[in-house]
Amino acid sequence: MTTPMHRSHRVAGALVGSAVGDALGAPFEFGPPGRFSARFPSPARGARTEMCGSGPWEPGEFTDDTQMALLVASSLADLGNLDEADLFDRFRAWAAADPKDVGIQTRTVLDSNRPWDVAATEHFHRTGRAAGNGSLMRTTPAAIRFSRDGREATMDAARRISALTHGDPSTGEGCAIFHELMRAALDGGDPLAAIPSALEAVADEHQERWATVLAPDWTPDRATESNGAVWPTLGQAVWALRNGRDFAEALRLAIDLGGDTDTVACVAGGLAGAVFGMGAIPSRWASVVHGRVPGHGDKVWRLADLQQLAATLDGGVQQNYDPGVIPRIGPTEVLPGIWAGNLDGARYSDGDFAVISLCRLGEPFPHPVHRMAYIADNDHNADLDVMLADVLDDMKALQAEGHRLLVHCHGGASRTGLVLRGWLVREKGMSVEEATAHVAERWPHLGLWNDSFTTALQRLSARSHDDGGSQ
Ligand SMILES: [Mg+2]
């Protein structure tokens, strides 16, 4: 199930994938099985997507799962290592700022006014009930941060972070297993193949119960608790990964299980994002994921912030991307209903354009319909075919709804040209040569320096002919 891919695509995929799963699952929380597929029997690629929001949650808004994950991430990124007292303080400030949702167990512990090293244990000894999934749901950032430190170190960090709010050691073992599966996935391995060795490192008294829900033949209907508990949450997430052929299908399977859908999809999304990579996350989902972290400023976290944070957690340098101001090109109507431009040509275009961004942006655009699919302007894109198909499918759906489309990248040359040419190959049945000539006549900025783009178009052309064309 693994493909060669630069580690950075997996790291970004993990963090963005978990936030996407959280936001995608939130409207279906506590619903019955099958509700997601009943509402969205096929991919919703128009202006209204599966990121539908409900109750307090805006479309694309992530919930407490990702809010807490960002607290873990920011503590690790700011301090460079795990400092439980600092992290516990951040959790407490967040809980005190009245977030829209907080797990019951997490709130009880954080509101207890007890020190970080006893609050959760005391709660567990008092109640005997502390095996919720509230520590598992937030652990993707730590799983990224400690993934380079080896199995023992990452599993140990998982247990220590879990123990801040969850006094039942079985939750810590679940987080530890998740960390080890994530370590395998980020290294380019198969996380499912890493399950036996992860289980070996689980404390003896917890092994059997974890082995049961992670067994290849385990199915969600065999859960002995609701999926608010830690065992079925990880069991279901792994089951969804095992049975999903791609990122979108893994998440659909997870959310269709019903119950604690945001958390199961968040956990599944972290693993699936690491396995399939950032390019495999549908852009209609990744583009709109966002949210605030109460008690920690007014910043709205968006896709670019999550990608940057993921790189930082993996040891990269944190830097804000500012493309500066560039002379505007476009928008110009190049194909019927499809306009092209460069970065600032698109940024300052009319708000009714459905914008397809193929490069990094710096400040977000104001356009209500905006898809971001980052393609690198070089020959090193992982999953170029998948990303191109995702973009073209979205364009077709948006055009069918009557939107004017605006495709752009930084210079409007190579990546923009790839998509315009791809449109003609797939929708008009042109050969790559015909499509290239057609675009060059109408868009003098076309750039043809990436050989991998032309090769991808030839594969697209071959597939379109196999399908008998798509007209
Ligand atoms: Mg939640």
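Colleague: How many salt bridges does the structure hold?

Modeller: The structure holds 31 salt bridges, a salt bridge being a side-chain nitrogen of Lys or Arg within 4 Å of a carboxyl oxygen of Asp or Glu. Bear in mind that this is a predicted model, in which local features need pLDDT of at least 70 and side-chain atom pairs count only at pLDDT 80 or more, while totals for chains, interfaces and linings use all residues. Residues are numbered from 1 along each chain as its sequence is written, and side-chain values use heavy atoms, with hydrogens and water left out.

Colleague: Which residue forms a salt bridge with Arg209?

Modeller: Glu225 does, with the closest N and O atoms 2.3 Å apart. Arg209 lies in helix 11 (residues 204–214) and Glu225 in the loop between helix 11 and helix 12 (230–243), so the pair ties together parts that are 16 residues apart in sequence; helices (H or I, at least four residues) and strands (E, at least two) are DSSP runs, numbered from the N terminus.

Colleague: And is Arg209 buried or exposed?

Modeller: Arg209 is partly exposed, with a relative accessible area of 42%, and Glu225 also counts as partly exposed, at 24%. Buried means under 20% relative accessible area, exposed over 50%, and partly exposed in between (1.4 Å probe, protein chains only).

Colleague: Switching to the metal, which residues coordinate the magnesium ion?

Modeller: The magnesium ion is coordinated by Thr63 through OG1 and by Asp64, Asp65 and Asp262 through OD atoms, at 2.0 to 2.5 Å. Donors are N, O and S atoms within 2.8 Å of the metal (3.2 Å for Na, K and Ca), and water is not among the atoms, so sites may look incomplete. Of these donor residues, Thr63 is buried at 1% relative accessible area, and Asp64 is buried at 4%.

Colleague: How are those donors spaced in sequence?

Modeller: The spacing of the donor residues is T-D-D-x196-D.

Colleague: One more topic, the hairpin: in what sense do strand 3 and strand 4 pair?

Modeller: Strand 3 (residues 332–335) and strand 4 (residues 338–341) pair in the antiparallel sense over three bridges, where pairing requires that DSSP finds at least two bridges between two strands. Glu333 stands opposite Trp339 in strand 4.

Colleague: What happens at the turn, say at Gly337?

Modeller: The hairpin has two residues between the strands, and Gly337 takes a positive phi near 80 degrees.
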